[in-house]
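Let's take a stroll over the outside of a protein and look at a few side chains along the way. Have the sequence and the 3D view ready.

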Amino acid sequence: MGVAIVNTALPAIGREMGMNTATLPLVMTVYAATFAGFLLLGGRAGDVLGHRRVFLVGMAVYALAVLTATLASAASVLLVARAVQGLGAAISGPPALALLAAVFTEPRERARAMGVYAAVAASSFAGGLVLGGVLTSFWGWRSAFGVLVPVAVAVVVVGSRLLPGQRAARERSLDLPGAGLITAGLVFAVYGVSQAEHAGFGSPFVLALVIIGVGLMVGFGLREHYAQVPLLPLKLFRARPVRAATVAGLVFYTAVNGLLFFAPLYMQGILGYSALQSGLAILPMGLTVIVASQVAGRLMPKVGLRSLMTAGLMLVALGVGTWTLIGPDTDYFFGLLPGILIVSVGQGLAFTAMTAASLAAVEPKHHGVAGGLNITCQQVGAGLGVAIIATIAAAVQGTSMLTPDVLAGYHAATAAAAGVGFLGALAVFFLLRHGLGHNDKSSTPQDSKTEGARRSH
C-alpha cells in the first residue's frame with residue numbers, strides 16, 4: 001500500500017513541489033530501489049539478530065520516514081524520506097514472513113496464517129489505489145503519507161507486546177561485502193530499468209546503469225559461492241519449493257503488475273474514466289483476493305503447493321489474456337470485470353502457495369533471508385518485467401496516438417504478460433513434479449524437513 005497509495009498522489013505532489021516529468025518519477029523510483037536493494041540484508045539481519053527485533057526496528061524506521069514525507073517542505077526532503085521508507089520496508093518485510101513460521105507451528109494453522117498474509121499483501125495494491133485517490137481528492141497528497149504513520153506506530157506498539165522474542169544466532173556475520181554488492185547491483189539495475197521508460201533501453205545511460213547493476217550482481221554470486229558465512233546461502237536453491245517460489249515471484253508480479261500498469265491507462269485514456277473511477281474499477285480485485293486467499297489457506301494442507309501455485313498462475317494468465325480483447329468502447333461489467341475477477345482468484349491461490357513455498361524445506365535459521373529472496377524476486381518481476389512489457393507496447397504502438405494503434409500496443413503487452421504467466425505455471429508444475437509439492441499435504445517448512453530427511457535416508 002505504501003507504493004500504490006502514493007501512485008495516485010503523484011500529480012498533486014508534482015504541482016506543489018515543482019517537480020517536472022523527469023524528476024517526479026523519482027518519488028517512486030527511490031523507494032523501489034532501496035526496497036529491492038536492502039531486502040536480502042533485512043532477511044539476513046533478522047536471521048542473525050532476531051526476527052522480532054529487526055522487524056520492529058524496520059517498522060519504526062518506516063514510521064519515521066512516512067512522517068517526514070508528510071511534513072516535507074522541499075522535493076529533496078521528500079525523496080530522502082521515500083528512500084528511507086523503502087529501507088524500512090526492506091528491513092521489516094522478510095522478518096515478518098519468518099515470524100509467521102515461528103508463531104504458527106501447526107501445519108493447518110500456518111496454512112491459514114499464510115492465507116491471511118497473502119490476502120493482505122496481494123490486495124493492498126488495489127486498495128491503495130482507491131484510498132490514495134480518495135485521500136488526495138479530499139485532504140491533499142500529504143494525507144496519503146500521513147495515514148500510514150498511525151498504522152506503522154500501532155504495529156510497533158502491538159508487535160513489541162505480542163510477537164515472540166528470539167535468541168540471537170551464534171554466527172553473527174552479516175556478510176557486509178555481499179550485502180554491499182547485491183544492494184548496489186539492485187539499486188543500479190532498478191534505477192536503470194525505471195529510466196528506460198523515458199530514455200529507451202537503447203540509451204547509453206540506461207545501458208550503463210543496467211550493465212553496472214548486472215556486473216555487481218554477478219560479483220555478488222561469486223562472493224556468495226566462496227564466502228564462509230554468505231548473506232544468501234546458495235544451497236537454498238537446492239530445494240525445489242524455493243526454486244518454484246522464485247520463478248513464481250518473477251512471473252506473478254510481471255503478469256499482474258503488467259495488467260495493473262495498463263488498466264488505468266486504458267480506462268482513463270480511451271474509455272474516459274476519471275482517476276477515482278479507474279481506481280474503483282480495480283477495487284473488486286482486492287476484495288476477491290481476500291476471499292480467494294482464505295480459501296487457498298484452507299485448501300493448501302489438502303491439495304499441496306504444486307496444485308495451488310500452478311492453478312493460480314494459470315488463472316492469472318487466463319485473466320490477463322482476456323484483456324487482449326479490449327476495444328475502444330468495451331463494457332466494464334461484461335468485458336473488463338470478468339478478467340479482473342479471474343486474475344484475482346489466481347492471485348489469491350498463487351500468492352498464498354508461493355509465500356509458503358518460499359520457506360518450505362528451509363531451515364528456520366534461514367527463514368529471514370529466504371523470505372527476502374522471494375520478495376526480491378517479486379520486485380524484480382514488478383520492475384524489470386513490467387518495463388519489458390511496456391517496451392513491447394511502445395514498439396507496437398510506435399509514435400502514433402490513434403486509438404487503434406494504442407490498443408494494438410495494449411493487446412501486445414497483455415498478450416506478453418499472459419504468456420509469461422502461462423510459462424511460469426508450466427515451470428512450477430515441472431519443478432514440483434517430485435518431492436514436496438507432488439504429494440505434499442501440509443506445504444510447510446516443518447514437514448518438508450521430515451520429507452527431506454526421509455529422502456536422504
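Start with a nonpolar patch on the surface: Met314, Phe422, Leu423, Leu426, Phe429 and Phe430 make it, and its area is about 530 Å². Keep in mind that you're looking at a predicted model. Which helix gives the most to this patch? That's helix α15, residues 403-431, with 5 residues. Phenylalanine 430 lies in helix α15, and this side chain is partly exposed, with a relative accessible area of 45%.

Now for the charged side chains. How many salt bridges are there? The count comes to 2, and here they are:

| Salt bridge | N to O distance |
|---|---|
| Arginine 142 and glutamate 16 | 2.9 Å |
| Glutamate 363 and lysine 235 | 3.8 Å |

Take the arginine 142 and glutamate 16 pair, whose closest N and O atoms are 2.9 Å apart. Arginine 142 sits in helix α7 (residues 142-146) and glutamate 16 in helix α2 (residues 10-17), so the pair ties together parts that are 126 residues apart in sequence. Arginine 142 is partly exposed, at 26% relative accessible area, and glutamate 16 is partly exposed too, at 48%.

Next comes the salt bridge where glutamate 363 meets lysine 235. Glutamate 363 is in the loop between α13 (332-357) and α14 (367-397), while lysine 235 is in the loop between α10 (204-226) and α11 (240-269), so this pair links parts that are 128 residues apart in sequence. As for exposure, glutamate 363 is partly exposed at 36% relative accessible area, and lysine 235 is partly exposed at 40%.

How values were computed: Residues numbered from 1 in each chain as written. Predicted model: local features only at pLDDT ≥ 70, side-chain atom pairs only at ≥ 80, totals over all residues. Heavy atoms only, no water. Salt bridge = Lys/Arg side-chain N within 4 Å of Asp/Glu carboxyl O. Helix = DSSP H or I, 4+ residues; strand = E, 2+ residues; numbered from the N terminus. Buried < 20%, exposed > 50% of the residue type's maximum accessible area, 1.4 Å probe, protein only. Patch = residues over 30% accessible without salt bridge, like charges linked within 9 Å, V, L, I, M, F, W, Y side chains within 5 Å. Areas by Shrake-Rupley, 256 points an atom, 1.4 Å probe, with all protein chains shown as cover.
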